[in-house]
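Here are some questions and answers on a protein fold, for a reader who has the coordinates open. Each answer ends on the value or name asked for.

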Amino acid sequence: MVLPEGPEIAADSATCATIRPMQRRLTLLLMAALCAASCGSDEETPPTTPTPGARLAIAPQPDFLTVGSSVVLEARLTEGTTPPRVVPADWASTDGRVAAVDRSGRVSALAPGSATIRATFGTDTASLAMRAAPDFAGTWTGNRRVVSCVHPRPDVCAAAYPTNRIVATTLVLAQARDRVTGTLSLSPPVASPSSAVSGTIAELGNLTLDGTIISTPSSGASTTLGTLADCHVEITPGTGILRGSFAEARTDSDGTNWRVSWEIQGLARTR
């Protein structure tokens, strides 16, 4: 049966035409809400960059290393009031010839000098100034050679200190950071003289020592014989041999002043 057309049928058709787009929009909104809810249920990934107000620090903070030694550093991030946490920072050195640093934060002292180690995490950076110096501690043994001898009586030099005479030498040193102390044995040729020495390692690694030369007999009091002058030593890179020079500035009991200059030909560390 065919229904007659009329105003009611036209109105119903218009209403259906309006409802269908609304249904599609509601369906799309519902699907978007469901997707957002399901995505929000996953665990959030922790941020890889510091939050505002974060502070990066290097630990520990050694500012001095001896050449050949190493230390492992950490980059620690503090955010707000939470305890510091170790973060995977990028490491760099301002002078890799002096102090090299690898990706794990291990710093190796390679040569005398100064360098700054930097850790970077996100936009935050921490720095550590560091100095490297040679390790002079130990017992050094070897030879020294007479370079010159100046005495009012030439026979004294000819008898005991002829030019190019070579004698055995022992130098015992202790080191605390860049400060060095010890004893230099000056016998032979005379039986007992020695000098208590002390000095400071320079930036480039050479060591200047000074001291007082004394005679310590097996019995009786010690006697001051003079001073150690112009004593400069350094450790040869690669070989580890100690070389240098010094002079004995002597004063005899009668007031006579004289001087013997020596070359340290090469001392090896024995312990």
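**Pocket, strands and rings**

The lining of the largest pocket divides into 8 nonpolar, 4 polar and 3 charged residues. The model is predicted.

Q: Which residues lie nearest the centre of the largest pocket?
A: The pocket is lined by 15 residues. Of these, 8 are nonpolar. Those nearest the centre are Pro112, Pro134, Ile235, Thr236 and Pro237.

Q: How much space lies in the largest pocket?
A: The lining includes 3 charged and 4 polar residues. The space in this pocket is about 260 Å³.

Q: How many residues of strand 10 are buried?
A: Strand 10 covers residues 124-133. The strand is mostly covered. The buried count, out of 10, is 7.

Q: Which residue in strand 10 is the bridge partner of Ile117?
A: Strand 9 (residues 113-121) and strand 10 run antiparallel. They are joined by 9 bridges. In strand 10, the partner of Ile117 is Leu128.

Q: Which residue in the turn between strand 9 and strand 10 has a positive phi?
A: The two strands form a hairpin, with 2 residues between them. Phi is about 65° at the residue in question, Gly122.

Q: Which residue of strand 10 stands opposite Thr66?
A: Strand 2 (residues 64-66) also joins strand 10. Here the strands run parallel, with 3 bridges. Opposite Thr66 stands Ala133.

Q: Which residues form the covered face of strand 8?
A: In a regular strand the side chains alternate between the two faces of the sheet. Strand 8 (residues 106-109) has an uncovered face, Arg106 and Ser108. Its covered face is Val107 and Ala109.

Q: Which residue in strand 8 is the bridge partner of Ala100?
A: Strand 7 (residues 99-101) pairs with strand 8 in the antiparallel sense over 3 bridges. Strand 3 (residues 70-72) pairs with strand 8 in the antiparallel sense too, over 3 bridges. On the strand 3 side, Ser70 stands opposite Ser108. On the strand 7 side, the partner of Ala100 is Ser108.

Q: What value does phi take near Gly105 in the hairpin of strand 7 and strand 8?
A: This hairpin has 4 residues between the strands. Gly105 takes a positive phi. Its value is near 95°.

Q: How is the aromatic pair of Tyr161 and Trp258 classed: stacked, edge-to-face or tilted?
A: The structure holds 3 aromatic pairs. Tyr161 and Trp258 form one of them, at 5.6 Å centre to centre. The planes are 50° apart. Stacked needs under 30 degrees and edge-to-face over 60, so the rest count as tilted.

Q: How many residues apart in sequence are the parts that Tyr161 and Trp258 tie together?
A: Tyr161 lies in the loop between helix 2 (154-160) and strand 12 (166-176). Trp258 lies in strand 18 (residues 257-269). The pair therefore ties together parts whose separation, in residues, is 97.

Q: Is Tyr161 buried or exposed?
A: The cut-off for buried is under 20% relative accessible area. Tyr161 has 3% relative accessibility, so it counts as buried.

Q: What is the angle between the planes of Phe246 and Trp262?
A: Phe246 and Trp262 form an aromatic pair at 6.4 Å centre to centre. Phe246 is in strand 17 (residues 242-251) and Trp262 in strand 18. Both residues are buried. The pair is stacked, with an angle between the planes of 20°.

Q: Which charged residue sits over the ring of Trp262?
A: Ring pairs link Trp262 into a cluster with Tyr161, Phe246 and Trp258. A charged end sits 4.1 Å from the centre of the Trp262 ring. It belongs to Arg144.

Q: Which residue forms a cis peptide bond with Ala59?
A: Omega of this bond is about -10°. The partner lies in the loop between strand 1 (55-59) and strand 2. That residue is Pro60.

Q: What is the relative accessible area of Asp230?
A: Asp230 is in strand 16 (residues 223-235). Its phi is positive, near 50°, though the residue is other than glycine. Asp230 is partly exposed, with a relative accessible area of 48%.

Methods. Residues numbered from 1 in each chain as written. Predicted model: local features only at pLDDT ≥ 70, side-chain atom pairs only at ≥ 80, totals over all residues. Heavy atoms only, no water. Buried < 20%, exposed > 50% of the residue type's maximum accessible area, 1.4 Å probe, protein only. Pairing = 2+ DSSP bridges. Phe/Tyr/Trp six-rings, centres within 6.5 Å; stacked < 30°, edge-to-face > 60°. Lys NZ or Arg CZ within 6 Å of the ring centre and 35° of its normal. 1 Å grid on protein atoms, 1.4 Å probe; cavity = no way out; pocket = protein on both sides within 12 Å on 5 of 7 lines; lining within 4 Å. Points joined across faces, edges and corners; volume = space filled by probe spheres on them. Nonpolar A, V, L, I, M, F, W, Y, C, P; charged D, E, K, R; others polar.
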